[in-house]
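Colleague: Please go through the backbone outliers and the packing of this model with me.

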Amino acid sequence: MLYPQSNRFRCSLPVDGFWSFQVDPEGVGEQEAWWNGLPAGRQIAVPGSWNELFPEHRDYLGDAWYVTEFDAFAPGPDSVLSLRFDSVNYSARVWLNGTEVGFHEGGHLPFEFNVSDLARDGRNRLAVLVNNDLRPDRVPPGNASDSPFSSMMSSFPPTSFDFFPYGGIQRPVWVSMLDAVHIVSAGVETGFDCNDDLTGYVNLRVEVAGAAAARLACQVLDAGGGMVAEGTCDVKDGTVECRFELPGVRLWSPADPHLYTVAMELRDDEGKARDAYRLETGVRTVEVRDSRILLNGEPIHLKGFGKHEDFPVHGRALNLPLIVKDGELFRWMGANSYRTSHYPYAEEALRYADRAGLLVIDEIPAVGLMFGDNGDRIAGWLEVCKGQLRDLIRRDLNHPSVIMWSVANEPMTADFMARFRGADANPAFVDAGTDFFVALVDAGKELDRSRPFSLAGVMGGPVEWLELCDAVMINRYWGWYRLGGQIEQARAGMEEELDALHERLAKPIIIAEFGADTIAGHHSEPAEMFSEEYQVDVLRMTLDVAAERPWIAGLHVWNFADFKTGQGVMRPASLNHKGVFTRERRPKMAAHFLRSRWREDAAA
Ligand code: GCU
């Protein structure tokens, strides 16, 4: 799905701003009752989440009405009017001018509707019924009485994951006017041939609507606008594939995040120009080989964080200043990578990462999945996850910063607690997960073979699931959830486990989470858990263990910043305090430690 763009053929306008808002706890569901009855005074920000805007709705789960009006005009026979939502959490039912337009389930990924037949000249009224119920059959699941997470954390609201279940229209909403003959999607796969002058290539695949026969004229432009390749290709049955060679290519990398632009113009079968689109991308390759992750053929080491899209008042909503602030703090520390834990982040964050040269592991919202004798639920999750992975890959395929797909965070077997205490896993539960992830990764590889696939394995989770991954990602809390307060014993335990794991898997291993809850300003000598000193000790121990193991391809500290969770005995002030920054981005000692260590490593 193309990020909205305006030019002489297409116009995309955001419908953001202050919308009328009303929760609907009884689920009245009759939009007329709500449109006309909506109290004009109650407004909400779009993008935004309702939970931190209205005190009485902080924990609200259920239906909520959003209504706004916008100016448009009824498109003629040669035009199309579409409505695009970049993210609604969790589901959205949409009406335009009193007629239902459609329904979408799943947060964090865009969806759109063709509303050409419903749009009017002048004011148009848009109503959206948002729902953020926690349900066991959703992804991520919630309200699941059999969830190991729920029994461990006793979180309220009753999530099966460790972050707050914000609800709302959390990213921009767009109205787009397009020519009836237009570009629907464009995907690139890039690489290079190591001959004498390093020739790059861009394989472009474009889908077109409104014309069976057409032509696509393309130019590949360098950053300065100079044309480096061009070609015109025939559209057949609505699709076209072109390849462009780029002699003397400048590869994309963290050190040189060089971007090219593929400028496309679509001409109909009479040669008349009908649409145009400028697609930015970088030429680079990502491979897994000999227990290393290679970028452009060279081993890379990921230094960074697991994060959350989370900030006071915003909740989980697009926050452009925060994307810049976090990017600058990455630069300050010498960090080069993050995982979009535990859901796709706003595409604006990836556009920033492309330009900043950050390396991103892109994750679908599959957190809290549990595999036991719940076959029907597992089958339902698989269909949802396949759809989420499809939509994620289609949205993010062209971003050079995305180097790997993550299909789940900490999937568990139903007997997780017993396993964590050392019991053997039920093989049928392990097999249920294995079948699930084989099917999910296979579906992903149908859409993108240019990037590795992985999942973040929970401490004590099935190694069989890690074996399915191209590169291994594991969350490990040695010195916190295991051997807390006993750094040296934790070091020994981690070394033994990692060496055995690498011996068995012979793949690169990313420690995708490690860290310690830390109350900013709390100090102790000698170090003790929850102090800033102890957090540094855990991070230092882990970095030291990794420094002796070149097959540890990356370290992502959990977490970049403190973030909001539900209420529970394990989360004081309803925050996860494992950030190396506070929620407001004030550095703890650990941030200064990582800066000294990572910049020192970079200088080495
Ligand atoms: C898990 C999980 C995180 C969670 C973390 C923690 O590894 O992946 O979402 O926040 O543990 O307990 O802090």
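The questions and answers below cover backbone geometry, burial and core packing.

Modeller: This is a predicted model, in which local features need pLDDT of at least 70 and side-chain atom pairs count only at pLDDT 80 or more, while totals for chains, interfaces and linings use all residues. Residues are numbered from 1 along each chain as its sequence is written, and side-chain values use heavy atoms, with hydrogens and water left out.

Colleague: Which residue does a cis peptide bond join to valine 46?

Modeller: The omega of this bond is about 0 degrees. The residue sits in the loop between strand S3 (43-46) and strand S4 (63-72), where strands (E, at least two residues) and helices (H or I, at least four) are DSSP runs numbered from the N terminus. The residue joined to valine 46 is proline 47.

Colleague: What is omega for the cis peptide bond between asparagine 89 and tyrosine 90?

Modeller: Tyrosine 90 lies in the loop between strand S6 (88-89) and strand S7 (91-96). For the cis bond that joins asparagine 89 to tyrosine 90, omega is about 20 degrees.

Colleague: What is the phi of leucine 483?

Modeller: Leucine 483 belongs to the loop between strand S30 (472-475) and helix H9 (487-505). Its relative accessible area is 30%, so leucine 483 is partly exposed, the class between buried (under 20%) and exposed (over 50%), with a 1.4 Å probe and protein chains only. Leucine 483 is not a glycine, yet its phi is positive, at about 60 degrees.

Colleague: Is serine 574 buried or exposed?

Modeller: Serine 574 is in the loop between strand S33 (563-564) and strand S34 (575-576). Its phi is positive, near 55 degrees, in a residue other than glycine. Because its relative accessibility is 12%, serine 574 counts as buried.

Colleague: Which helix gives the largest share of the largest nonpolar core?

Modeller: A nonpolar core is a set of buried Ala, Val, Leu, Ile, Met, Phe, Trp, Tyr and Cys residues joined through side-chain atoms within 4.5 Å. The largest has 90 residues, and Phe305, Phe436, Phe437, Leu440, Val580 and Leu594 touch the most other members. The largest share of this core is eight residues, from helix H10 (residues 532-547).

Colleague: How many residues are in the other core, the one with Leu2 and Val206?

Modeller: This core lies apart from the largest one. Leu279 and Val283 are also among its members. The number of residues is 33.

Colleague: Which strand holds threonine 199?

Modeller: Threonine 199 has 10% relative accessibility and therefore counts as buried. Leaving aside neighbours within four places in sequence, its contacts (heavy atoms within 4.5 Å) include Phe192, Glu245 and Val249. The strand is S14 (residues 199-209).
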